[in-house]
Amino acid sequence: MASTGSISFGGLASGLDTTQLIENLMTVESKPLTRLENKKTELDSQYDTYTTMKSNLNELKTLVSALKSSDTFGVFSASSSDEEALTLSASTSANEGTYSIKILSLAQAETLSSNSYAYTENNLNLTGEILINGNSFSVSSTDSLIDIRNGINALDAGVTANILKVSNGDNRLIISSDTAGEEGIFIANVGSTDILGNLGFTDGTKSIREFSNGSVLSASFESSTATVGSLFDISSGVSGNVAIRDESLSIDLSKDTLNSIRDKINNLGLTGVTASIESQTENNATTYRLAITGTEDFTDDNNILETLGIFEGGRSGISKTVETGVLYSNNSENSVKYADSNTHLSQLGAEVQGGETETITISGTNLDGSAVSKTIEISSNTNIDDILTGIEEAYSGNVTASIENGKIQVKSNETGSSSLEFRIFAHNENGGTLDFGTISTTANGRERLLAEGGNARILVNNIEVSRDSNEVNDVLTGLNLTLKKADQDTTLSITVERNTDEIKDKIQEFITVYNEFIDFVDENSQYNEEENVAGPLLGDLTTRSILSRIRESLRTSVFGDDLSYNQLVQIGIESTADGKLELDTAKLMDAMDENVDSVVSLFSATRKSSDNDISFVYHSEKTKSGTYAVTITQAAEQAEVISDVSQEDIQSGTLKITDNFGYTIEFGYDSGMTFDDIANALAVEAQTSYSEILRSDTGLSQSANQDPVTQNTAISEIAGVQINENDTITINGTSRSGKEYQRIISLGGSENVTMQDILDAVEAIADNEVNATIDTGGKILIEDTQTGTNKFSFSIETTVEGLDFGTISSIQKGRNRVNIEASVTENNRLRINHSSYGSNNTLTISGGSGLGLADGEYAGVDVAGTINGVTGTGSGQSLSASASDTNARGIVIRTKITPEELAFEGPSQGTITLISGIADLLYSDLNAITNPVDGFIQAKIDSVELSRESVATQIDNTTARLDQRRQMYVKKFTELERAMASLESMQQSLSASLSALPSASLFS
């Protein structure tokens, strides 16, 4: 049957098998399509094979990348002789060796305890202000123990406050430093009220807080020119008189700075007494301290010196104390005379006349918890002093017994909590009336200083070092020590060894992946004789080129003056007959034991410099191994400006300095300042970053009392406001990145919309990257949550009658740290310079005439010179080889040579040497092979893909032509059948007509 659509023809008229005829014809016509489909299958196989090959080579490249890094060979294992006392880890910069360690003490954080309180939620009725690590905290009369705890924790002052429940009715506030170290917690009273003493943190005594190198030191301050009150954010003005060697001086912390206090002390003119400002910079932050030498004779008034951190309150512990009832010398409460140590017990009611005796029993618990029991026989001569001696003997000398105001007191000789219990009982055998009354505890033993802040102290090879943490990572290069247990009598041993097993495993992993790649190539390069099919890589020139390039790198000999091994075969990596690699583990381990540095150089790139003034920083894959001469013709310099007047000629003004990033410092100076003062102030300001603060210029008031609005004030409660049904408030804003947002609040006559809703909308449209509040003047205050520059902007528009939020503008610009430094030269001139080198790093000065600084822009100087005799490109202190030098291109060196040193030494700065190890070379080859843009294999994949697309298009076109051809054949055979059927019908019609004629008529 032949078919076209739903109609079939089977040679009904012609008797021919037209279906088969068409199929036979199409078979002949389809031969080109079959060839194309076979080609497509072949190309698909090639594409998949090359894609897999690229993936395999990228995996190999990753492993080679590790082997070309010297860090891979810097794998060390470190062990401790007692891991319960010391554990450690090693980085790639460690060195093999054995060290002795003795842990003398562990670092611990300081912890303080308050008095004991029966309740945590009751008002303490205390009022005053304290400092904790330089953060001010005010205590009000309504504050409870919980309130104080929460307030201290909210300071984020580097301490944590908790409430410790010792027992029912014994709750204590515990303050712990968040960091260990002897610096501990700086805690001080502000003003005359002894809040710390009232809380029980201090004992009422004072002493010098820190004495070092002959100087009494204050606390650390962020500035020496800002007032102390502003630096500590003290809420109330604190002033008073301080005496030094009985010489009085007045200090007002709301007005005085460290510099002014220094000057006041020096102006006293005390013999041998001097005051100065010491500065210290750590982690790019500079702090200042007042240092007073020549005396420790101070008198503090109004806790001024305590606030400054010169004095600190004593922190001695409290001993447990118990006492009897009151004893009167004539055994009568009506007597006004208390018993004392000379009072005889017969005067207190003991019936011991006429040679009679009675007994007294002393019992209880000693400090260590052991039972105490002692019986004393009393006679007419026995007095209170005898009883006191008996008590002390009963407690083995662990207590002190005394009598005060008629009460016998028993006090522990040790501070802190103890098991001390005391009872005394008169037996009155002769009918006496001696009675010691009720025994009560007058002081629970406790420590104010629960843990003293202390540094870790260790002996390393008999050299003592001290650190403020039990994690010590800067004593032995590349080793991090974790101190766990101190024992001054035990010496620990630590051993650092190169982890050769891990290095061996990395090399073996590379060999395994390399061999898998060879297997992959072999499997796809075979000819299948049974199926008469060639593998996709058989005879492939690209594959052959890749293998040749890789094997050439593996056979490379690496040469260097101090290399013991030049080829892989020397360390046990050999080629097999089938082109794979195999590892002789024993030979590799022997090589690493003998000269591990040479093994490292065999794999990785080695960069050397012959002169200390230059360092070899970088080379690219295009850099060739070799030794290259370096000349420096111009040393790098920083942009700088130096004053041309002496300190005595300083005049008042405002200095403005802007770096090349647009960050600006504005600093007011006057004739009373020294260059040291100015340099210190500029250094602090340069390291300070600021958050953007914006504020509306209109303060809103409440209609009820004309007080400024708060966040809880309803819009309807604002003075002069009349809300209508369709009124809206529209907040427009720009986020940090510059995206614009809008939020519309519909009032609809509602009285429920408050200022907090406005603040929430402001924060929301800024992606919650700002905090919005109401200041004390009823103005909207918006503060960036981060420091630095931003693109924030805000405006508030409203249709509400009588409501005007005003314009919101910046009152403090956000700013990152400014890249400048300030110092005083040897000839006492002010020097301001950029913190980086080069012509791109500029600073602009204005307003410096009063300091002898010329206004203008100042630029640094880039280094200039040659590498391999070709002029390089300088950028700051870095010099890059010329891209036109096909050998040295990609090299970057850095030099710290100064113009003065260059003038003395001359331009020749020695040589730099690059020794490219085998892994370094192989990585460059693999990178070129697998480069996703123009790599060998990518070019092949792209070529195959183009061929696939071309063949696919040809297949589509050929298929379409064959479909047309089939339709033509069907049409032709259909027409033939119709014609044959028509002829047959005519024949039948003629036959019928002839048959209908009379037979006679045919012959008539």
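Start by selecting strand 43, residues 664-669, where the side chains alternate: Ile665, Phe667 and Tyr669 point to one face and are buried, while Thr664, Glu666 and Gly668 point to the other and are not. In a regular strand the side chains alternate between the two faces of the sheet. Here buried means under 20% relative accessible area, exposed means over 50%, and partly exposed lies in between (1.4 Å probe, protein chains only). Strands (E, at least two residues) and helices (H or I, at least four) are DSSP runs, numbered from the N terminus.

A word on the model before moving on. It is predicted: local features need pLDDT of at least 70 and side-chain atom pairs count only at pLDDT 80 or more, while totals for chains, interfaces and linings use all residues. Residues are numbered from 1 along each chain as its sequence is written, and side-chain values use heavy atoms, with hydrogens and water left out.

Now add strand 42, residues 653-659, which runs antiparallel to strand 43 and is joined to it by six bridges; strands pair if DSSP finds at least two bridges between them. Look for Thr654, which stands opposite Gly668. The two strands form a hairpin with four residues between them, and Gly662 in the turn has a positive phi of about 90°.

For another hairpin, select strand 29 (residues 456-460) and strand 30 (residues 463-467), antiparallel and joined by five bridges. Val460 faces Ile463 across the pair. Two residues lie between these strands, and Asn461 takes a positive phi near 50°.

Next, the surface. Select Glu96, Glu497, Glu582, Asp584, Asp590, Asp593 and Glu594 to see a negative patch. Patch residues have over 30% relative accessible area and no salt bridge, with like charges joined within 9 Å and nonpolar side chains within 5 Å. A salt bridge is a side-chain nitrogen of Lys or Arg within 4 Å of a carboxyl oxygen of Asp or Glu. Helix 12 (residues 585-603) gives the most to this patch, with three residues. Asp593 is in helix 12 and is exposed, at 60% relative accessible area.

Then pick Leu976, Met980, Leu983 and Met986, a nonpolar surface patch with about 350 Å² of accessible area together. Accessible areas come from the Shrake-Rupley method with a 1.4 Å probe. Leu976 sits in helix 17 (residues 936-996) and is partly exposed, at 33%.

Last stop: is Tyr565 buried or exposed? Tyr565 is buried, with a relative accessible area of 7%, and lies in the loop between helix 11 (541-554) and strand 36 (573-575).

Technical notes. Lys and Arg count as positive and Asp and Glu as negative; His and the chain ends are not counted. The place of a charge is taken as NZ of Lys, CZ of Arg, CG of Asp or CD of Glu.
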